[in-house]
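Visitor: Could you take me through one part of this protein at close range? I would like to see how that part sits within the whole.

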Amino acid sequence: MAGESEDDDQKTEEPTQRKLDEARKKGQIARSAEMRHVAMLGGALVVVSFMAGGIGHGLAPMFVNLLGQADKYQLDGRGTQSLASSVALNTGAALFAPLAVLFLAAIVGGVMQGRPTLSWERIKPQWSKLSPLSGIKRLLGAQAVVEFLKTLAKSALVGVVGVAVVWPYGRRLELSLFGSAPDVLALTGGLVIKLLLAVVILVAVLSLGDFVYQRFSFMKKMRMSRQELKDEFKQSEGDPHVKARIRQIRLERSRKRMMANVPTADVVITNPTHFAVALKYDQAAMAAPKVVAKGVDSLALRIRAVATENKVPIVENPPLARALYASVEVEEEIKPDHYKAVAEVISYVMKLRGRSLPKRPPRP
């Protein structure tokens with residue numbers, strides 16, 4: 001118990017939507033049985049108020065025939081089957097609409113508490129529920145005690161309301177025993193409707209309070225600790241350490257590919273030490289020179305070192321190096337704004353190598 005209390009103390013954070021969705025898939029949602037009860041009582045009120053007469057008119061001829069012509073029925077095999085079929089057919093026809101109203105009321109009672117959900121977790125067999133010890137724990141647990149007290153209090157309140165509604169009609173009910181059948185039916189029917197209406201109002205108020213309590217209890221049960229939030233974030237977004245490691249590996253591979261391109265460059269433009277940009281230009285295949293590698297500080301020094309090892313010309317032009325580094329990505333062609341400056345650098349390099357100048361300057 002102490003361990004459970006400590007765990008509850010640590011669960012101070014509101015549940016995430018992901019945890020609530022997973023709980024819904026398992027059938028764990030905030031639900032109040034009182035909401036379904038008030039819907040069913042409301043359906044019963046509709047049936048008694050508007051359908052009782054139709055039910056009576058639908059069943060009356062059948063009972064008249066059963067009682068008035070009882071001597072004409074043959075209770076042999078075929079006769080009994082015919083009588084049972086007739087009773088079932090007439091009873092079903094008379095009760096179909098009222099039962100449909102009660103069924104719809106039961107559905108409405110569930111929908112009022114949130115969108116419907118179907119969970120196989122709730123209906124699949126669980127052997128732990130067959131354990132007598134588990135059953136005793138459920139019967140004697142705090143939740144069971146709360147539900148028992150709620151039921152007891154609700155029953156007492158319904159009894160008080162019933163007495164309060166019926167009490168003023170006590171004398172009239174006594175006198176109705178000596179009255180005609182229609183008068184008795186009218187009095188009792190009106191009294192039943194008033195009693196149902198009072199009970200529906202009472203249970204509606206109780207159900208609203210119970211739903212608020214069930215919602216609060218459910219959200220408290222669903223609370224999460226900070227560690228659970230971190231674990232869920234790692235599962236949904238990925239471990240930040242793993243993601244950082246993946247980014248580092250990708251960056252290292254990109255740098256290796258970039259450094260492998262430096263020996264193929266035509267020139268490296270530097271700052272002279274802080275920036276280094278390697279350019280390649282193939283007049284037959286490119287519309288403009290392309291950046292094949294770039295870097296700052298230590299990476300710039302590595303580019304310079306590789307270029308020196310492979311005898312790639314290095315030209316110091318700080319403004320151009322900074323501009324190319326900031327505006328052009330690796331494997332992209334230079335912008336038209338830099339055509340003139342780059343053309344001068346490439347022309348200078350080609351003169352050093354004794355190569356002929358390009359027949360045409362780079363064009364956009």
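Guide: Happily, and let's begin from the outside. In this predicted model, the protein exposes about 24400 Å², with 62% of that supplied by carbon and sulfur atoms. Part of the surface is a nonpolar patch of about 560 Å², made by Phe103, Leu104, Ile107, Val108, Val111 and Met112. Phe103 belongs to helix H4, which covers residues 77–111. Its relative accessibility is 57%, above the 50% cut-off, so Phe103 counts as exposed.

Now for the other side of the picture, the buried residues. They make up 26% of the 364 residues in the protein. The secondary structure comes to 14 helices and 4 strands, and one of those strands, S3, is the part I'd like to show you closely. Strand S3 spans residues 290–296, and 5 of its 7 residues are buried, so the rest of the structure largely encloses it. Buried here means under 20% relative accessible area.

What runs alongside S3? Strand S2, residues 275–280, is joined to S3 by 6 bridges, and the two run antiparallel. Within this pairing you can look for Leu279, which stands opposite Val291 in S3. As you follow the backbone, keep a general point in mind: in a regular strand, side chains alternate between the two faces of the sheet.

Stepping back to the whole chain, consider the contacts with a separation of 6 or more: 75% of them are accounted for by residues 24 or more positions apart. So much for our tour, from the exposed Phe103 to the largely enclosed strand S3.

Conventions
Residues are numbered from 1 along each chain as its sequence is written. This is a predicted model: local features need pLDDT of at least 70, side-chain atom pairs count only at pLDDT 80 or more; totals for chains, interfaces and linings use all residues. Side-chain values use heavy atoms; hydrogens and water are left out. Buried means under 20% relative accessible area, exposed over 50%, partly exposed in between (1.4 Å probe, protein chains only). Two strands pair if DSSP finds at least two bridges between them. Contact means heavy atoms within 4.5 Å. Accessible areas come from the Shrake-Rupley method with a 1.4 Å probe; for residues, only the protein chains shown count as cover. Patches are made of residues with over 30% relative accessible area and no salt bridge: like charges are joined within 9 Å, nonpolar side chains (Val, Leu, Ile, Met, Phe, Trp, Tyr) within 5 Å. A salt bridge is a side-chain nitrogen of Lys or Arg within 4 Å of a carboxyl oxygen of Asp or Glu.
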